[in-house]
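Take a look at the chain below. A short round of questions and answers on its side-chain contacts follows.

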Amino acid sequence: MKKTYIYLAVLLLTFTSCVDNPNVTEEDFLENNNSATSWIMGIKRQLALTMNDIVINSEMVSDNYFNNYTLYNKVYDIPQIDYTDIDGNSMQVEIGALREMAEYALETVLPSDPDATTQQWSYAYFAKAYALILSGENFTGLPMNSNSEAFTSSELLEASLGYLDLAIENESDAETILAYQLLKSRVYRSLGDRANAKSLAQTVISNNSLLFIVEFDGTNGVPNEIQNATFTASENRFAPLPRLDFLDPKFFDLGTASEDQKSLSLAKVEEAYLILAEAYTAENNLEMAKSTLNNLLDNVINSRPIMYLDDSEELRNGTNRQDYPTTSVEVSFESGQEFQSGYVLDRQEGLIPVYTVSGTSVTHTDIDLQKM
């Protein structure tokens, strides 16, 4: 009898050879009430685990953060990315697990559960699509199905569009549908299809508070690892690029860390505005590009929540970098440019602003002066 290990949202069931639990067989699991609900919760858990791997490594490669701690990759900061790197393999494994859990839901769990809802079908289609998006955005090639050949990044992204359409078709929540449309816009942009990317982005900006998230659970072993790396851990594991210091930390905890795990954005309306501004710039429509960015400031970013936080325990330099400022200093973006204040904060002076969804130092004047 085939056995399947069931990943639930609240715990990972493990078994010893001395225990005979019929609920871990595939047949009995599928016959249980609410098998679809349990499996979809497991997919949500896997999505959180996948994003932990993707975000930690992407932040290092992007140079948003400097790795101060040996727990994480030693060479992505350079950046040096080798196909034999264990962290690259880990990302592939997590994406593959998300993809296969979604596939199993679509092929086996949902069809077997008469109580499965259309929204559960929608989420499974989304999860499959998002696994393909992560594959195409982060790798030159990965399998599209279990034990299949590797497909190119473009093929993976193109395949995601069909699953997003099915997710939209089965979804009844208007805001979730907009989030899936935003993901489609993002995919079309990556594929170089400006017309479709622009058309979908224009639809999405009808909701200036759109935010599609993945949640974490510190109590049951699925904490937000970038929150741990940038705030919770006493080692100051990640230090931000000095010019981005004023945006850090985005994730934080008050009281008991395990009980205050912040969510992570998978899609937000800000991206639609940026896609549109980029499209207008490519069309040499600079006035529309500037207008779009000014609207982004007024309609979205300036309305996103800000809170003030005591961050005096954070040294921001990992305790081992002499070249990293821990008090407020002026910084320059390029050699020869004037130095500017407000980018590196002195966290000993008092409460600092925290931009929990998005923030920027860009002003209307900065936008209007750009020649693009």
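Q: Which lysine lies over the face of tyrosine 123?
A: This is a predicted model. A charge counts as sitting over a ring if NZ of Lys is within 6 Å of the ring centre. For tyrosine 123, the distance from the ring centre is 5.1 Å. The residue is lysine 44.

Q: At what distance from the ring centre does lysine 262 lie over phenylalanine 252?
A: Lysine 262 lies over the face of phenylalanine 252. The cut-off for such a contact is 6 Å from the ring centre. The value here is 4.0 Å.

Q: Which residues form one aromatic cluster with Tyr123?
A: Tyr123 has lysine 44 over its face. Tyr123 is also part of an aromatic cluster. The other members are Phe126, Tyr130, Tyr180 and Phe212.

Q: How many aromatic pairs does the count come to?
A: Rings of Phe, Tyr and Trp pair if their centres lie within 6.5 Å. By this rule, the number of aromatic pairs is 12.
One such pair is tryptophan 39 with tyrosine 104, at 4.9 Å centre to centre. The total remains 12.

Q: Is the aromatic pair of tryptophan 39 and tyrosine 104 stacked, edge-to-face or tilted?
A: Planes under 30 degrees apart count as stacked, and over 60 as edge-to-face. The planes of tryptophan 39 and tyrosine 104 are at 55 degrees. The pair is tilted.

Q: How many residues apart are tryptophan 39 and tyrosine 104?
A: Tryptophan 39 is in helix 2 (residues 35-62). Tyrosine 104 is in helix 3 (residues 86-112). The pair links distant parts of the chain, and the separation is 65 residues.

Q: Why does tyrosine 104 count as buried?
A: Buried means under 20% relative accessible area. Its partner tryptophan 39 is buried, at 4%. Tyrosine 104 is buried because its relative accessible area is 16%.

Q: Which glutamate forms a salt bridge with lysine 198?
A: The closest N and O atoms of this salt bridge are 3.0 Å apart. Lysine 198 lies in helix 7, and its partner in the loop between helix 9 and helix 10, so the pair ties together parts that are 85 residues apart in sequence. Lysine 198 is buried, with a relative accessible area of 17%. The partner is partly exposed at 33%, and it is glutamate 283.

Q: Which arginine meets aspartate 245 in a salt bridge?
A: The N to O distance is 3.1 Å. Aspartate 245 sits in the loop between strand 5 and strand 6, and its partner in the loop between strand 7 and strand 8, 102 residues apart. Aspartate 245 counts as buried at 1% relative accessibility. The partner is also buried at 1%, and it is arginine 347.

Q: In the salt bridge of arginine 99 and glutamate 100, is arginine 99 buried or exposed?
A: The side chains of arginine 99 and glutamate 100 meet at 3.0 Å, N to O. Glutamate 100 is partly exposed, at 27%. Arginine 99 has 8% relative accessibility, so arginine 99 counts as buried.

Q: What is the area of the nonpolar surface patch made by Ile306, Tyr308 and Leu351?
A: Isoleucine 306 lies in strand 7 (residues 306-309). Isoleucine 306 is partly exposed, with a relative accessible area of 46%. Together with Tyr308 and Leu351, Ile306 makes a nonpolar patch of about 340 Å².

Notes
Residues numbered from 1 in each chain as written. Predicted model: local features only at pLDDT ≥ 70, side-chain atom pairs only at ≥ 80, totals over all residues. Heavy atoms only, no water. Patch = residues over 30% accessible without salt bridge, like charges linked within 9 Å, V, L, I, M, F, W, Y side chains within 5 Å. Areas by Shrake-Rupley, 256 points an atom, 1.4 Å probe, with all protein chains shown as cover. Salt bridge = Lys/Arg side-chain N within 4 Å of Asp/Glu carboxyl O. Helix = DSSP H or I, 4+ residues; strand = E, 2+ residues; numbered from the N terminus. Buried < 20%, exposed > 50% of the residue type's maximum accessible area, 1.4 Å probe, protein only. Phe/Tyr/Trp six-rings, centres within 6.5 Å; stacked < 30°, edge-to-face > 60°. Lys NZ or Arg CZ within 6 Å of the ring centre and 35° of its normal.
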